[in-house]
Amino acid sequence: MTEEFLYRYVSCQTTPEEEQQILEWLRSDPENERLLARIHRRHDLAALSAPLINELYDRDRRRGVGRLVRRWAVAGLSAAAVVLLLLGGHFYRQSRHLERLASRRIALNVPAGQQLRITLSDGTSVWLNAGTRLEYPALFADGERRVHIDGEARFDVRHDADRPFVVETYACDVRVLGTEFDVAADSLRRSFSTALFEGSVEVRNRQTSETVRLRPDQTVRLEGSRLAVGSIENSDDYLWTEGYINFKGHTFREIIDRYRQVYGVEIRLDGVEVPDTRFQWGKIHIQDGVDNAMKVLQHTYPIRYEFDPERRTVIVRNR
């Protein structure tokens with residue numbers, strides 16, 4: 001993967017097919033994520049650096065500008081005035097370039113069974129779970145830093161008191177200044193929750209304008225049209241950022257529902273009857289695949305299953 005190709009990617013100049021190549025490349029080696037983050041930082045620095053942004057422009061017009069400076073000097077303008085005029089044109093072009101970056105939207109879709117970590121232009125780190133879609137601007141402008149997600153993401157927000165960070169979902173907005181938290185918002189299943197690990201967040205219900213403020217180790221969940229505040233019961237539920245599905249504290253059906261979300265498969269329970277008990281321990285590695293995940297459940301419950309990898313379907317029956 002060449003740096004030129006990666007620069008095209010962070011500059012939003014790649015096709016959907018090329019973006020898929022990037023995602024596969026990122027999954028192949030953790031070091032690739034760090035390389036892409038470095039490329040992203042260089043790109044942002046270039047966007048904020050006038051000589052780099054306008055290098056081609058200045059090269060083409062250097063002779064013309066030189067003649068223009070001489071004419072101004074002959075006319076009696078001071079050198080300081082010339083400099084101010086040149087800088088004014090430069091900063092005008094610079095501001096227009098930054099406006100274009102701020103208006104350019106990037107959309108990332110994480111494939112089933114995968115996770116992705118990215119760094120936004122302000123230094124905020126975002127972990128994206130399988131099946132998650134993140135939309136964000138190529139460069140944050142003044143005012144709010146606003147992103148949109150559908151799925152699950154964990155944020156470590158770079159503090160900036162002058163530019164609050166807002167995570168927008170179908171149901172609620174999460175507003176922060178600098179903190180670490182998890183947001184799960186599924187527009188199809190009509191579910192929303194936020195868990196706070198550090199700092200403080202304000203969650204606003206988009207339908208009712210109800211607002212709650214969370215403290216560390218608290219959660220908020222959308223129940224009907226109301227926000228319900230609680231406590232983080234099991235921190236292992238957030239180990240997906242390290243590539244795990246947690247079993248502890250969950251029932252068979254809850255785990256099956258998690259499989260559906262993470263692996264992007266259809267799982268049909270054909271008359272399955274299993275005890276409605278909760279696991280006391282355990283977790284599995286997501287990248288081992290849905291077939292291995294089903295075998296783990298098969299060792300615990302009296303079930304059998306059929307997996308069709310082409311249709312991405314699993315049929316589960318009692319043994």
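Mentor: Before we start, a residue counts as buried when its relative accessible area is under 20%, and please keep in mind that this is a predicted model.

Trainee: With that cut-off, does Phe140 count as buried or exposed?

Mentor: The relative accessibility of Phe140 is 8%, and the limit for a buried residue is under 20%. Because 8% falls within that limit, Phe140 counts as buried.

Trainee: Which geometry does the aromatic pair of Phe140 and Phe165 have?

Mentor: The structure holds 8 aromatic pairs, and in this one the ring centres of Phe140 and Phe165 are 6.1 Å apart, with the planes at 65°. Planes over 60 degrees apart count as edge-to-face. The angle of 65° therefore makes the pair of Phe140 and Phe165 edge-to-face.

Trainee: How many residues apart are Phe140 and Phe165, and where do they lie?

Mentor: Phe140 lies in the loop between strand 4 (133–137) and strand 5 (145–156), while Phe165 belongs to strand 6 (residues 165–168). Phe165 is itself buried, at a relative accessible area of 0%. The pair thus links distant parts of the chain, with a separation of 25 residues.

Trainee: Which residues form one aromatic cluster with Phe140 and Phe165?

Mentor: The cluster goes beyond the edge-to-face pair that Phe140 and Phe165 make. Joining these two in one aromatic cluster are Phe155 and Phe181.

Trainee: What is the angle between the ring planes of Phe197 and Tyr238?

Mentor: Phe197, in strand 9 (residues 191–198), and Tyr238, in the loop between strand 13 (226–231) and strand 14 (244–246), are 41 residues apart. Phe197 is buried at 18% relative accessibility, and Tyr238 is buried at 15%. Their rings form an edge-to-face pair, 5.2 Å centre to centre, and the angle between the planes is 80°.

Trainee: Which residue lies over the face of Phe197?

Mentor: Besides its ring pairing with Tyr238, Phe197 has a charged residue over its face, at 3.9 Å from the ring centre. That residue is Arg154.

Trainee: Why is strand 7 largely enclosed by the rest of the structure, and how many of its residues are buried?

Mentor: Strand 7 (residues 172–176) pairs in the antiparallel sense with strand 6 over 4 bridges, and a hairpin of 3 residues joins these two strands. Strand 7 also pairs in the antiparallel sense with strand 10 (residues 201–205), over 5 bridges. Strand 7 is called largely enclosed because the number of its 5 residues that are buried is 4.

Trainee: Which residue in strand 10 is the bridge partner of Cys172?

Mentor: On the strand 6 side, Val167 stands opposite Val174 of strand 7. In strand 10, the bridge partner of Cys172 is Asn205.

Note on methods
Residues are numbered from 1 along each chain as its sequence is written. This is a predicted model: local features need pLDDT of at least 70, side-chain atom pairs count only at pLDDT 80 or more; totals for chains, interfaces and linings use all residues. Side-chain values use heavy atoms; hydrogens and water are left out. Rings of Phe, Tyr and Trp (its six-membered ring) pair if their centres lie within 6.5 Å; planes under 30 degrees apart count as stacked, over 60 as edge-to-face and the rest as tilted. Buried means under 20% relative accessible area, exposed over 50%, partly exposed in between (1.4 Å probe, protein chains only). A charge sits over a ring if NZ of Lys or CZ of Arg is within 6 Å of the ring centre and within 35 degrees of the ring normal. Two strands pair if DSSP finds at least two bridges between them.
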